[in-house]
Amino acid sequence: MASALHEVTPFLVILILIATLGPLQFGFHLAELNAPEDVITCQKKSISALQQLASLVITKSSSSDDVVDCIPMSRSDFAAISAVFTVGGLLGALTSGPFTSARGRKLPMQLTAAFYLLGSIVETSAGSVPTMIIGRFLTGVGAGASTVIVPLYISEVAPPTQRGFFGAFTQISINVGILFTQTLGFFLSYGSAWRWIMGTGVIIALAQGLGLALLPESPAWTASAKGDLTHARRVLQRIRGRVSNIDEEVESWGQGASKPTSEEEALLVSNESTSADASGLLTPSAGAQHSPRVHLGFLQVLRDPFTRPAIIAVVGIMFAQQLCGINSIIMYSVSLLKDLLPISSALLTIVISIINLGVTMAASPLPDRFGRKTCLLTSIMGQGTSSLALALAIHFDVKILSAIAVLFFVAFFAVGLGPVPFIMASELVGPEAVGATQSWALGASYVATFLVAYLFPIVNAALNDAFGGAGWVYFIFAGFALLWAAFVSGRVPETRGRKDADEVWGRTRRVD
């Protein structure tokens with residue numbers, strides 16, 4: 001335990017916090033239109049109960065004649081603005097995997113900051129539907145790429161025994177972003193003040209871009225892609241601290257990556273003070289080298305018999321993450337739950353987000369303590385049970401049970417289906433396939449998210465009309481939970497405590 005604590009240095013924590021600004025913006029932009037929808041679309045002048053308080057903070061600059069208060073649009077126009085974010089996300093997810101395999105983790109993260117910045121500027125100044133669509137598409141590209149690259153980076157700099165804990169930071173940061181933007185929406189959903197919500201995205205993107213200048217490149221990528229083992233080892237040692245033993249982890253990078261000779265070690269010590277430039281980056285040295293690995297492409301990982309089972313596993317758990325129904329709550333809680341409690345729907349959505357964030361943080365050590373697969377199965381079965389309870393509660397109009405079922409539904413998601421899928425892609429394959437595998441995973445996630453976002457209100461209304469009453473769709477989600485529990489049991493291996501992908505899948509490769 002003590003050795004594990006030594007590996008968690010302040011530098012490591014700072015790196016992870018900066019990196020997770022990308023997923024934070026994913027959550028921020030995912031939910032930014034939720035509260036101010038009626039104001040943006042000119043349906044209402046205000047939906048904020050605290051407009052007068054907000055007006056004390058937002059001066060006349062928010063109601064200037066140069067600023068359009070709202071953008072007239074139909075429901076289909078607003079649906080297009082909402083959905084184009086997932087289209088951009090899908091493009092970002094599919095293209096960022098091969099790009100990060102070829103160019104590392106740092107440059108792609110910097111490009112996501114640029115997409116977030118440009119998209120947020122366009123959204124903030126938008127005066128028409130097409131302009132807003134362009135802005136949402138750009139932020140979607142940044143979001144899709146961030147959710148591919150950042151979990152990879154975290155898994156490659158975090159200590160092996162704590163990758164589950166730090167891997168949960170991706171989901172935590174997404175929830176922080178959702179909570180933050182919904183809180184802003186509660187105060188700023190009136191007049192043209194909603195533009196301050198979009199403008200906040202500009203500030204976050206600028207902070208991300210500046211912070212990324214401090215990040216070193218991933219040591220694992222440097223070793224596997226560039227073959228510069230000495231430099232990669234020095235970077236990892238700096239991240240983990242001098243007292244941390246990284247020999248076993250370095251050996252997994254490839255032949256010749258073991259502990260340096262005494263001559264090399266002396267060279268590392270003598271160059272320690274000059275190895276970092278002003279921006280905090282470590283410069284490569286002419287130490288031990290090995291031949292760079294050939295990275296597998298998007299289709300190659302599907303054809304390769306060693307990586308195909310991993311693709312099936314990660315795509316399956318990403319579909320499970322969405323098709324168990326979480327976004328029916330996150331995206332439609334305002335209309336679904338508006339009569340359950342005597343508080344405003346906007347405030348109710350904030351309460352749900354707080355619970356989601358709190359449980360995600362509390363459950364972050366569980367994947368490392370009990371295993372990834374155990375957490376996934378617990379989460380799926382818990383959501384399935386909650387779906388069944390919610391379906392019965394809504395159908396029979398038992399309001400208190402509906403509220404309790406929703407809370408448990410969100411809590412069980414945070415235990416496993418929320419954080420674990422972001423960890424698995426980097427643990428089921430070797431470094432040569434991790435970028436393409438992460439693209440498959442996040443591409444599947446965006447496709448599944450689109451299906452739920454688009455089909456849930458349609459299917460929900462159709463079932464309610466066909467059978468009478470409400471809540472029937474949650475019987476479907478309960479059935480999906482049984483299906484995905486069987487899938488995880490049979491097709492997803494445990495990765496906790498495994499040294500590499502071969503050990504995960506229980507195979508031995510010949511070395512001729």
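## Positive phi angles in two loops

Aspartate 397 is located in the loop that connects helix 21 with helix 22. In this predicted model, its phi is near 60°, a positive value in a residue other than glycine. Aspartate 397 is exposed, since its relative accessible area is 55% and the threshold for that class is over 50%.

Cysteine 42 also has a positive phi, of about 70°, although it is not a glycine. The residue belongs to the loop between helix 4 (37-40) and helix 5 (51-57). With 29% relative accessibility, cysteine 42 counts as partly exposed. As background to both residues, most residues other than glycine have a negative phi.

## Surface patches

A nonpolar patch on the surface is formed by Leu388, Leu392, Phe396, Val398, Ile400, Leu401, Ile404 and Phe408, which together have about 730 Å² of accessible area. At least two residues of the patch come from each of helix 21 (372-395) and helix 22 (399-415). Helix 22 provides the largest share, 4 residues. Isoleucine 400 is situated in helix 22, and it counts as exposed because its relative accessibility is 58%. In soluble globular proteins, by contrast, nonpolar side chains tend to be buried together.

Glu248, Glu251, Asp500 and Glu503 make up a negative surface patch. Within this group, glutamate 503 is placed in helix 26 (residues 501-505). Glutamate 503 has 39% relative accessibility and therefore counts as partly exposed.

## Nonpolar cores

The largest nonpolar core contains 66 residues, and those with the most contacts inside it are Ile329, Ile380, Leu442, Tyr474 and Val492. The greatest contribution to this core is made by helix 24 (residues 434-467), which gives 10 residues. A second core, separate from it, has 25 residues, including Ile18, Ile149, Leu215 and Ile239.

## Salt bridges

How many salt bridges does the model contain? The count comes to 8. One of them joins the side chains of arginine 233 and aspartate 247, with an N to O distance of 2.6 Å. Arginine 233 lies in helix 12 (residues 229-240) and aspartate 247 in helix 13 (residues 247-251), so that the pair links distant parts of the chain, 14 residues apart. Both arginine 233 and aspartate 247 are buried.

Arginine 372 takes part in two of the listed contacts. Its side chain meets that of aspartate 368 in a salt bridge of 2.8 Å, N to O. Arginine 372 also forms a salt bridge with glutamate 427, where the closest N and O atoms are 2.7 Å apart. Glutamate 427 lies in the loop between helix 23 (420-424) and helix 24, whereas arginine 372 is in helix 21, so this pair ties together parts that are 55 residues apart in sequence. The three partners are assigned as follows: arginine 372 is buried at a relative accessible area of 2%, aspartate 368 is buried at 16%, and glutamate 427 is buried at 12%. Elsewhere, Arg163, Arg240 and Glu249 are joined into one network by salt bridges that share partners.

## Residue pairs separated in sequence

Two residues of helix 7 (residues 106-125) illustrate such pairs, one of them being serine 120. Serine 120 is 80 residues from threonine 200 in sequence, and the C-alpha atoms of the two are 8.2 Å apart in space. Serine 120 is buried, with a relative accessible area of 0%. Leucine 107 is also in helix 7; its C-alpha atom is separated by 9.1 Å from that of leucine 212, 105 residues apart along the chain. Leucine 107 is partly exposed, its relative accessible area being 29%.

A further pair consists of threonine 360 and phenylalanine 169, which are 191 residues apart in sequence and 8.9 Å apart, C-alpha to C-alpha. Threonine 360 occurs in helix 19 (residues 345-363). It is buried because its relative accessible area is 1%, and buried means under 20%.

Conventions. Residues are numbered from 1 along each chain as its sequence is written. Side-chain values use heavy atoms; hydrogens and water are left out. A nonpolar core is a set of buried Ala, Val, Leu, Ile, Met, Phe, Trp, Tyr and Cys residues joined through side-chain atoms within 4.5 Å. Buried means under 20% relative accessible area, exposed over 50%, partly exposed in between (1.4 Å probe, protein chains only). Patches are made of residues with over 30% relative accessible area and no salt bridge: like charges are joined within 9 Å, nonpolar side chains (Val, Leu, Ile, Met, Phe, Trp, Tyr) within 5 Å. Accessible areas come from the Shrake-Rupley method with a 1.4 Å probe; for residues, only the protein chains shown count as cover. A salt bridge is a side-chain nitrogen of Lys or Arg within 4 Å of a carboxyl oxygen of Asp or Glu. Lys and Arg count as positive and Asp and Glu as negative; His and the chain ends are not counted. The place of a charge is taken as NZ of Lys, CZ of Arg, CG of Asp or CD of Glu.
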